[in-house]
Amino acid sequence: MTGILVLEQLLNGLQFGLMLFLLAAGLTLVFGIMDMINLAHGSLYMVGAYLIASIAAASGSFWLGLAGGVAATAVIGVLLELTVLRRLYERDHLSQVLGTFAILLMANEGVRMIWGSQPVPMAMPAALSGPVELLPGFSYPAYRLFIIGVGLAVALLLYLLVTRTRVGMQVRAGASNREMAQAMGTNVRLLFTALFAIGAALCAVAGGMLGPLLAVQVGMGESILILAFVVIVIGGIGSIRGALLGALLVGAVDTAGRTLVPLLFGQLLGPAAAATAGPAVASILIYVLMAAVLFWKPRGLFPSHG
Amino acid sequence: MSTHSPAFRLAALAAATLMALPAAAADRVKVGLLSTLSGAGSGLGIDIRDGFQLAVKHAGGKLGGLAAEVIVADDQMSPDAAKQTADRLLKRDKVDFMTGIVFSNIMLAVAPPVFQSRTFYISANAGPSQLAGAQCNPYFFSASYQNDNMHEAVGKTVQARGVKKVALLAPNYPAGKDALAGFKRFYKGEIALETYTPLNQLDYGAELSQIRASGADAVYVFLPGGLGINFIKQFTSTGLNKEMKLFAPGFSADEDVIRAVGEPMVGILNSSQWAHDMDNAANKRFVADFQKEYGRLPTLYAAQGYDAARLIDGAVKTVGGKIEDKAAVRKALEAAKFESVRGEFKFNTNHFPVQDYYLREVVKDGQGRITNKTLGKVFDNHADAYAGDCKMPAETP
């Protein structure tokens, strides 16, 4: 029985971690290359989820919603970069935080005006709504397996893009030394617009995948954005590999914390105290992990800058 | 300064006029309806609001013969935002009654300023144990239930059905604690697992695997609104619904959840002090008109909103519209002269109802709708466990 519990929690952690990775990947490249803090990154996740839910509801097909919503969010990301964010690169971090925070607030209000303040329901595709028997006596939700599959596929694609292509080489060059990359002839502006489109698309994929599992609602981007920042701090800013490992680590620690801490507290303090202290301590655990990583490796686990 | 100076007389006159103003009988009654209208709990607040407004409409736009002005505000499911909005309703709008709060943590945050301003609060949902016991207050009346009650009813049912081992899940906030305390008061079997999750948590993957590992025969969850919708969907997608029976309070198996989840809900046993198929004239009119007005079946939240308005209506009528006479209004509220949609309605000494609780089952009815069907009574004239701790001040201060 405990073996199954551990296996199931590992899968849960993997599923959550991969979705965090989709958000952290775009965030860390933007941060790494342009030294730009983008608090509106979570808004793209929210807008993507709303667009996917709406298109899926209108067309009756989850897949059509996913394709249409991801494409539309990428376009929105490019527009945002061309019109507003571009003007913030040369500014200091405070201006960037203020500017992108304003975008976040406007995005929330805009979504509230268009879709209302109630969550928008989103159904998982019928074929994936049941359980799949992985081992005799152990079944796992098909939809969560599907999320894991998509997350792994996207991670692999991104890895190939960054390590095996010319664009990827320029991205890596830009992340480790922007001036030098520019001097060697990389068009960082264009590269960055493309990067932003990819980042926005990844956000939308995460939003669309998590939509049926959580709720598509105003402000859904904020809580997950904080976790995405934790991921890139742990992983090392600007590194895709760091983002992947950081995300998996955070996913595993979060899931394990929710299971193990109440269990441990229950044996030490009795069920009543565990019920009060357990969830509180479990939610702190990720930040403890971040503090520990920063203590031993102040630049994160896989920093990209020299 | 002489007391005969013209200036003094003018001032005295002005003061007398101003003081005389509130003494004139009120021409309208102002209700502040502060409820959760956005986020994962918004379905509940919207039903309370719609139920309340239907009752006002039934009374011709009036409450107790006075023109009714209902000021609707959103608490955003946040105690901070709720407190600010409550201050505005109390100080700027000077409401005569307040109602509408869904969540107990918000209720406990808003209660002090409401009581301080001597405004009557008629709860259309939240019924925290604190306000039923030691902190009971002459200005607080619950038109719904005490938080423990529905869970006590399921606890008794689960016990009676011979379930040996049960896993419990509730959100980590006052009503979640009340819920499981109520359940355990009547369930005497083994508790395989007792878990509390953050009130804003929507993914139950980790908890579901713990429930599977616990080896329980049945699961009891108290998760209101969107939380329950997510849990039941995820419960079904893990296949656990084939291994163990799911029990719920009325909150997690009402029409809002059924609308969102559908087929997998069939067979869930749940408890409530009200059901849309209850046989009395007030309820039949309420259910039929609610469906006509809003195009959906009412939930128990809607019924509680409706009853809250009817309770105010009855009290204002009893005092002949003199709502400034707080002592008289209190007495009238305590008498609770109104036709409740749940049949009989009477208050205990702590201003919480003494009422019957029913067992309902989610079924596919004759018309092919998935909905709740009342199976029978679990408790007759059931009081809460905290009334004994309440020393209600004899006079309104």
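Me: Ala, Val, Leu, Ile, Met, Phe, Trp, Tyr, Cys and Pro count as nonpolar, Asp, Glu, Lys and Arg as charged, and the others, Gly among them, as polar. How many residues of each class are in the lining of the largest cavity?

Reply: By class, this lining has 10 nonpolar, four polar and no charged residues. Note that this is a predicted model, in which local features need pLDDT of at least 70, side-chain atom pairs count only at pLDDT 80 or more, and totals for chains, interfaces and linings use all residues. Residues are numbered from 1 along each chain as its sequence is written, chains are lettered from A and ligands numbered from 1 in the order in which they are written, and side-chain values use heavy atoms, with hydrogens and water left out.

Me: How many cavities are there, of 30 Å³ or more?

Reply: Rolling a probe the size of a water molecule over the atoms shows where empty space is left. On a 1 Å grid over the protein atoms alone, a cavity is a set of points where a 1.4 Å probe fits but cannot get out; a pocket is an open set with protein on both sides within 12 Å along at least five of seven lines; lining residues have an atom within 4 Å of a point. Points are joined across faces, edges and corners, and a volume is the space filled by probe spheres set on them. The count here is four cavities of 30 Å³ or more. The largest holds about 100 Å³, and of its 14 lining residues N125(B), Y145(B), Y173(B), A175(B) and F222(B) are the closest to its centre.

Me: Which residues line the second largest cavity?

Reply: They are L29(A), L158(A), L161(A), V162(A), V167(A), G168(A), V171(A), L195(A) and I198(A). Eight are nonpolar, one is polar and none is charged. The volume is about 60 Å³. Helices (H or I, at least four residues) and strands (E, at least two) are DSSP runs, numbered from the N terminus. In chain A, α5 (142-164), α6 (166-176) and α8 (188-210) each supply at least two residues of this lining.

Me: How many residues line the second largest pocket?

Reply: There are 27, and P119(A), P121(A), I229(B), D256(B) and A260(B) lie nearest its centre. In chain B, α2 (42-58), α9 (226-237) and α10 (255-261) give two or more residues to the lining. The pocket has a volume of about 640 Å³, and its lining divides into 14 nonpolar, eight polar and five charged residues.

Me: What area do chain B and chain A bury between them?

Reply: The size of an interface is often given as the accessible area lost when the parts come together. Buried area is that loss (1.4 Å probe), summed over both parts. Here it is about 2,400 Å², with 52% on carbon and sulfur atoms. D203(B), R212(B) and S237(B) supply 22% of the area that chain B buries against chain A, more than any other three residues. In terms of contact (heavy atoms within 4.5 Å), 26 residues of chain B meet 30 residues of chain A.

Me: How many salt bridges are counted between chain B and chain A?

Reply: A salt bridge is a side-chain nitrogen of Lys or Arg within 4 Å of a carboxyl oxygen of Asp or Glu. The count is three. In one salt bridge, the side chains of R258(A) and E207(B) meet at 3.2 Å, N to O. On the side of chain B that touches chain A, the largest share, seven residues, comes from α8(B).

Terms used. Buried area = accessible area lost by both parts, 1.4 Å probe.
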